[in-house]
Every structure is written in C-alpha cells, then in structure tokens.
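Dear colleague,

Please find below the structure that I am handing over to you. My account of what was found in it follows directly after.

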Number of protein chains: 2
Amino acid sequence: MAIPFPGQAVRGSTTGKPIMALLDLLGRTWALGILWHLNKQSLTFRELQSCCEKISPTLLNSRLKELRQLNLVTHNESGYCLTDMGQELFQIILPLGDWSTQWAADLNQEQNNDT
Amino acid sequence: MAIPFPGQAVRGSTTGKPIMALLDLLGRTWALGILWHLNKQSLTFRELQSCCEKISPTLLNSRLKELRQLNLVTHNESGYCLTDMGQELFQIILPLGDWSTQWAADLNQEQNNDT
DNA sequence: TATTGTGCTACAGTTTATGTAGCGCGTAAA
DNA sequence: TTTACGCGCTACATAAACTGTAGCACAATA
C-alpha cells in the first residue's frame, strides 16, 4: 500500500490536500491504535505486537514504516516512540478517550429506552 | 465485519473499552472520510459516493450502517447527516485539518534539508 | 557454545474492498 | 400510462489488504 504523502494522490482524493493524506493514513488498520499505545512509553516491536492484539508482524512492520516515513514515529534505544510531530497529533486525538466513554454511556441509555 | 460496539470485543482489544471500539471504527476504510465530508452539509448516498472518490457502493453502505447503528450518522429528507453525537466527534477531529497543513509543511522542509 | 530477546521476512490462507451492472421505488413530465 | 429520472441500495466476480505461523539474522548474556 503506497504511503499517503501530503501533496500526492491518496485513497479518497487526488487533490493532494494534507488532510486527505492524513485521513487515509489514520484510516488504515491499526494506525490509530499504534499511535494510541505509543503515547505513554516507548515499546519494542514485540511489545507493540502484544498491545495490539492480533496484529500480524507483517502488517505492524508496514504501518511502522509508513509512520516513520511520515515523521510521526521513530525508533530509539528503548524501542519505538512518537516523534514531536507524533506527540502533537496524539494531543489532538487524546480527547477521543473521554468522549468515547460518554458515547458508550449514551448508546447504553438509548438501548434501555428501546426496551 | 462486526459493528464495534463499546462494551464488546473489537479488533485490537477484548476488554470492551469504549476507546478501543472507537479506534476500531475510525480505523476502518472511509469511516473518517465520511464523517469529514458530512460535517458541512447533508449529502445523498450518491453525493457521498462522489465525495469519497472510488468508494464502492457496497462498502459505503456498510460504513453507513455502522455509523448509523452507533448513533453518529442519521438519514433525513435531505440525505445523510451527522447526529448530535457525530457533531461532537467531528469537533474533536476538526483540528486535524489545520494540523495536517503544518505537518505537510514540515515534511517538505525536512525533504529539502536532505538534498 | 547455547540461550534469549530483538527486529523483522516469507508465504499460504482468509477477510475486506473494488468495480460494474442493475433492481425496486418514488416523483414527475410527456 | 408510460417513459424517464434520481434515489438508496444489492449482487457478484475480481483484486487488494490483512492474518497466522514459522523462522531467519543479529546482538547480548551465561
């Protein structure tokens, strides 16, 4: 799967708009999960594998290559970690955590109303 | 593909944590793109198809079913649109737009430094 | 020298997504 | 009243993406 560089045609858009490249990237299996897990601490390849249950090493490696080339993730002595840019991106998606618990509560509420 | 309800096992996690369901959902092909395009206005099925270049009607329909069941998207007289909860979610991911342009600029910068 | 842990790669099998055709429905003009 | 249009889809063959398991090459430690 081609790496979605801003400025190039990506899945969903031929315009080259950066947001479209980003949405393509984040919309790939495990990409969001990898960013999410790398926030707290550096993780080795195999630690990442066990965090992301059932990710195959083949795919983990592909995603890591993409994230590294797009300057969101890097690799140091203690394993894989977010770059500064990756941290910025994480700060944006961080509120998804709290929001999702409210979302889950509302879905439950609704389900109860139906019964 | 099973709909990732919070509280149930999803791709990447068997814990049932809402954030994991959300990351599974948003990590599916086109899900983020659909939310992004529906923000400004309601769109018919066929308008969505042409916004999301190259999405197949089969898949668009699957994603819409998921998003509707998870109470993020609904369907009214003028087409598909975000629910209140969908709007909330959109507000969280909205900053991705501005951030992505900076990200694209930084990537370019870096590329120039290498040459 | 053997063991353990690292980051991977190979590859067959399965799942997911695409691409094209077209159906059934409602509206509305001829 | 039938022809035509746009709507939301569905069917299905083909293609692409992902999984699961095995195991390689390398480095550090025992």
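**Contact between chain B and chain A**

About 3700 Å² of area is buried between chain B and chain A, and carbon and sulfur atoms give 76% of that area. Please bear in mind throughout that this is a predicted model. Three residues deserve mention here: Ile92(B), Trp99(B) and Trp103(B) supply 19% of the area that chain B buries against chain A, which is more than any other three residues supply. In the contact, 42 residues come from chain A and 42 residues from chain B.

As to polar interactions, 10 residue pairs are in polar contact between chain B and chain A, counting pairs with both residues at pLDDT 80 or more. Salt bridges, by contrast, number 0 across this interface under the rule applied.

Four helices of chain B each give two or more residues to the side that touches chain A: H1 (18–26), H2 (31–38), H5 (84–93) and H6 (96–114). Of these, H6(B) gives the most, with 10 residues. Sorted by class, this side of chain B has 24 nonpolar, 12 polar and 6 charged residues.

**The surface near DNA strand D**

I turn now to the DNA. There are 19 residues around DNA strand D, and those that come nearest are Thr29(A), Leu59(A), Arg46(B), Asn61(B) and Tyr80(B). Among the atoms of DNA strand D that come within 4 Å of the protein, sugar and phosphate account for 53%.

Which elements supply at least two residues each of the surface near DNA strand D? They are helix H4 (57–69) of chain A, together with helix H3 (45–51) and helix H4 (57–69) of chain B. The largest share, 5 residues, comes from H4(B). By class, the surface near DNA strand D comprises 7 nonpolar, 7 polar and 5 charged residues.

**Individual contacts with DNA strand D**

Three atom pairs may help you to find your way in the model:

- Thr29(A), one of the residues that come nearest to DNA strand D, has a polar side-chain atom 2.6 Å from a phosphate oxygen of the strand.
- Phe45(B) has a polar backbone atom 2.9 Å from a phosphate oxygen of DNA strand D.
- Thr58(B) places a polar side-chain atom 3.2 Å from a base nitrogen of DNA strand D.

Thus Thr29(A) and Phe45(B) are paired here with phosphate oxygens, whereas the partner of Thr58(B) is a base nitrogen.

With kind regards

Definitions and conventions
Residues are numbered from 1 along each chain as its sequence is written. Chains are lettered from A and ligands numbered from 1 in the order in which they are written. This is a predicted model: local features need pLDDT of at least 70, side-chain atom pairs count only at pLDDT 80 or more; totals for chains, interfaces and linings use all residues. Side-chain values use heavy atoms; hydrogens and water are left out. A residue is near a molecule or strand if one of its heavy atoms lies within 4 Å of it. A polar contact is a pair of N or O atoms within 3.5 Å; within protein, one must be able to donate a hydrogen and the other to accept it, and residues adjacent in sequence count only if both atoms are side-chain atoms. Ala, Val, Leu, Ile, Met, Phe, Trp, Tyr, Cys and Pro count as nonpolar, Asp, Glu, Lys and Arg as charged, and the others, Gly among them, as polar. Contact means heavy atoms within 4.5 Å. Buried area is the accessible area (1.4 Å probe) that two parts lose on being put together, summed over both. A salt bridge is a side-chain nitrogen of Lys or Arg within 4 Å of a carboxyl oxygen of Asp or Glu.
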